[in-house]
Amino acid sequence: MNVDHIKNICVIGAGNMGHQIALRAAISGFKVICTDVSEEQLKKAEAFVAQYLPGRVKKGRLTEEQAQNVKANISFSTSLAEAAKDADFVIEAATEKMELKRKLFSQLDQICKPETILATNSSYIVSSKIADVTNRPDKVVNMHFFNPALVMKLVEVVKGPHVSDETAEITMELSRRMEKIPVLLQKEIRGFLVNYLLGYLNREAVYLLDQGIASAEDIDMAVENALGHPMGPFKLMDLTGVDLAYHISMEHFLETGDKADMPSPTIVEKYVKKEWGRKVGKGFYDYSE
Ligand code: 3HC
């Protein structure tokens with residue numbers, strides 16, 4: 001198998017990441033089915049596509065004909081079996097919960113063709129913690145996009161010990177065909193390259209806030225103006241989801257049992273209050289306007 005065999009892509013999860021990964025693949029000419037257990041989430045994704053494509057045409061980024069082709073390339077389904085049965089490549093972008101992912105990959109292994117590659121867009125979980133539930137561990141790989149996935153160029157591909165050279169090469173080449181810049185990690189590490197580094201920045205930013213050293217706005221302003229980051233850590237957590245920050249830390253804590261890995265009280269409080277960031281209208285900032 002090589003990348004030219006990949007025509008049909010299934011994206012699992014229509015949330016923050018999934019809907020944009022699906023749309024990116026459709027723009028690059030692949031036939032894509034995006035699936036989610038939530039009909040409401042799929043409707044939101046469909047509505048996003050419906051307003052995004054005319055916007056691209058208006059901005060001169062796509063022609064009317066290209067936009068029509070993209071629209072024809074992407075569909076939505078609540079049925080995992082329907083979405084995955086003909087897929088040559090699956091990208092799982094479901095909630096960041098290990099047991100959920102393990103269950104999904106076990107189901108996918110039954111539904112998909114034997115040659116289908118099963119990739120996870122997990123932000124932190126290395127694929128060796130999932131691959132063992134399948135009969136194709138050599139074809140289970142991390143393919144990690146960044147938010148917003150339509151815009152951010154990087155994709156991390158992780159060559160865990162179980163991943164074949166062929167799978168890693170196809171995933172790298174598929175990323176390029178999706179107009180991304182892939183980076184290959186030769187070994188597994190929790191959080192890969194970028195979230196490994198970002199995790200420290202976010203944790204210490206919350207520490208500075210909790211200590212009353214400066215406000216979230218001022219910490220963001222400092223990082224943006226001193227380090228040249230497009231968004232400071234609090235704006236970025238609001239973009240990627242405070243719920244995601246919570247789940248990531250919680251999963252880490254469950255894995256290590258080390259209290260230092262637990263989500264900080266501020267993140268727990270925001271999680272409980274459902275102040276999850278932009279997608280709900282409030283996080284560290286208020287987006288209700
Ligand atoms: N969805 C899709 N496209 C978007 C978008 C969104 N949410 N936000 C902006 N864009 C597009 C615009 O359409 C525009 O496209 P065009 O130039 O082709 O017309 C382009 O991005 C620039 O948009 P704007 O001028 O409106 O806005 P900015 O210049 O302020 O850029 C940003 C917005 C791209 C979000 C920028 O602020 C940025 O780069 N922020 C940092 C994002 C980042 O660090 N992401 C990584 C997070 S870590 C992560 O994802 C890990 C994961 O595991 C959670």
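Q: Strands are DSSP runs of E with at least two residues and helices are runs of H or I with at least four, both numbered from the N terminus. Where, in those terms, is the place of Pro148?

A: In this predicted model, Pro148 lies in the loop that runs between strand 6 (140-144) and strand 7 (154-158).

Q: Which backbone features should I look for in loops of this kind, and what is the peptide bond from Asn147 to Pro148?

A: The general expectation is that most peptide bonds are trans and that most residues other than glycine have a negative phi. Here the bond from Asn147 to Pro148 is cis, its omega being near -5 degrees. As for phi, Glu179 has a positive value of about 60 degrees although this residue is not a glycine, and Glu179 is found in the loop between helix 7 (165-177) and strand 8 (181-185).

Q: How should I read the packing of helix 1 and helix 2, and at what angle do they pack?

A: Two packed helices are described by the angle between their axes together with the distance between those axes. Helix 1 (residues 18-27) packs on helix 2 (residues 39-58) at about 45 degrees, the axes being 10 Å apart, which means that helix 1 is oblique to helix 2. The crossing of this pair is right-handed. From helix 1 the contact draws on His19, Gln20, Leu23 and Ile27, and from helix 2 on Ala45, Phe48, Val49 and Tyr52; by class, these residues comprise 6 nonpolar, 2 polar and no charged.

Q: How do helix 9 and helix 10 cross, and which residues make the contact?

A: The axes of helix 9 (residues 216-227) and helix 10 (residues 233-240) come within 7 Å and cross at roughly 105 degrees, and the two helices are therefore roughly perpendicular to each other. Ala216, Ile219, Asp220, Val223 and Glu224 of helix 9 meet Pro233, Phe234 and Lys235 of helix 10, a contact whose residues divide into 5 nonpolar, no polar and 3 charged.

Q: How is empty space to be read, and what volume has the second largest pocket?

A: Rolling a probe the size of a water molecule over the atoms shows where empty space is left. The second largest pocket has a volume of about 220 Å³, and of the 13 residues lining this pocket, Ile27, Tyr52, Arg56, Arg61 and Leu150 are the closest to its centre. Helix 1 and helix 2 are the elements that give two or more residues to the lining, which divides into 6 nonpolar, 2 polar and 5 charged residues. Ile27 and Tyr52 also belong to the contact between helix 1 and helix 2.

Note on methods:
Residues numbered from 1 in each chain as written. Predicted model: local features only at pLDDT ≥ 70, side-chain atom pairs only at ≥ 80, totals over all residues. Heavy atoms only, no water. Axes fitted to C-alpha atoms, helices over the stretch in contact; angles between N-to-C directions. Parallel < 35°, antiparallel > 145°, perpendicular 65-115°, else oblique. Left-handed = near helix turned anticlockwise from the far one by under 90°. Contact = heavy atoms within 4.5 Å. Nonpolar A, V, L, I, M, F, W, Y, C, P; charged D, E, K, R; others polar. 1 Å grid on protein atoms, 1.4 Å probe; cavity = no way out; pocket = protein on both sides within 12 Å on 5 of 7 lines; lining within 4 Å. Points joined across faces, edges and corners; volume = space filled by probe spheres on them.
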